[in-house]
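Student: I am new to this structure and should like to understand the terms used to describe it. May I see the sequence and the model before we begin?

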Amino acid sequence: MSTLISSEKASILIQNLFGITSEAKRLPGEIDLNFRITSEANTAYILKISHPNTTNAYLDFQQKISEHLEAFEEVIYAPKLIRNKEGQ
């Protein structure tokens, strides 16, 4: 991905969008930028920043898969979506 976002910028994004004070650490990713987010309360999250050319239809598809998998939490361990302050 040609657009680079620093760990510091990722922490600022998390604060602004989700109200979580955190430390971010870059994780590997093939297309997207991925960060491990650790909050002040020691809660861990993954921040995924999609490539700017990713279509909204594809992002919606990914979100719907994640939401579907949440129904099987006892059987399938998958990331849970967390909505930002605006509910997105």
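Student: In which strand does S22 lie?

Tutor: S22 lies in strand β1. Please keep in mind throughout that the model is predicted.

Student: Why is S22 called buried?

Tutor: A residue counts as buried if its relative accessible area is under 20%. S22 has a relative accessible area of 18%, so S22 is buried.

Student: Which residues does S22 touch, not counting residues up to four places away in sequence?

Tutor: S22 touches S11, I14, I37, T38 and S39. Contact here means heavy atoms within 4.5 Å.

Student: What share of the protein counts as buried?

Tutor: Of its 88 residues, 20% count as buried.

Student: How are the helices and strands of the protein arranged along the chain?

Tutor: The protein has two helices and three strands. From the N terminus on, these elements run α-β-β-β-α.

Student: What makes β1 and β3 edge strands?

Tutor: The three strands form an open sheet in the order β1-β2-β3, with antiparallel pairing. β1 (22–27) and β3 (44–49) each have a single partner strand, so one side of each is left without a neighbour in the sheet. On average, neighbouring strands of this sheet are turned by 30 degrees against each other, direction ignored.

Student: How do you know that β2 and β3 are paired?

Tutor: Two strands pair if there are at least two bridges between them. Strand β2 (residues 33–39) and β3 have six bridges, in the antiparallel sense, and therefore meet that condition. Within this pairing, L33 stands opposite I49, and T38 has A44 as its bridge partner.

Student: What do β2 and β3 form together, and how many residues lie between them?

Tutor: β2 and β3 form a hairpin, with four residues between them. N42, in the turn, has a positive phi of about 70 degrees.

Student: Where does helix α1 lie with respect to the strands?

Tutor: Helix α1 (residues 7–18) lies across β1, β2 and β3, and runs at about 130 degrees to β1.

Student: Why is a group of residues called a nonpolar core?

Tutor: The name applies to a set of buried residues of certain kinds, Ala, Leu, Ile and Phe among them, because they are joined through side-chain atoms within 4.5 Å. The largest such core has ten residues: I5, A10, I14, I20, A24, L33, F35, I37, L47 and I49. The elements that give two or more residues to this core are α1, β2 and β3. β2 gives the most, with three residues.

Student: Which residues is A24 in contact with, leaving aside its neighbours within four places in sequence?

Tutor: A24 is in contact with S7, A10, S11, F35, R36 and I37. Of these partners, A10, F35 and I37 belong to the largest nonpolar core, as does A24.

Student: How much space lies in the largest pocket, and which residues are closest to its centre?

Tutor: About 1200 Å³ of space lies in the largest pocket. Of the 31 residues that line this pocket, the closest to its centre are I46, L47, K48, L81 and I82.

Student: Which element gives the most to the lining of the largest pocket?

Tutor: α2 gives the most to the lining, with eight residues. α1, β3 and α2 (56–70) each supply at least two residues of this lining.

Conventions:
Residues are numbered from 1 along each chain as its sequence is written. This is a predicted model: local features need pLDDT of at least 70, side-chain atom pairs count only at pLDDT 80 or more; totals for chains, interfaces and linings use all residues. Side-chain values use heavy atoms; hydrogens and water are left out. Axes are lines fitted to C-alpha atoms, for helices over the stretch in contact, and angles run from 0 to 180 degrees between N-to-C directions. Buried means under 20% relative accessible area, exposed over 50%, partly exposed in between (1.4 Å probe, protein chains only). On a 1 Å grid over the protein atoms alone, a cavity is a set of points where a 1.4 Å probe fits but cannot get out, and a pocket is an open set with protein on both sides within 12 Å along at least five of seven lines; lining residues have an atom within 4 Å of a point. Grid points are joined across faces, edges and corners, and a volume is the space filled by probe spheres set on the points.
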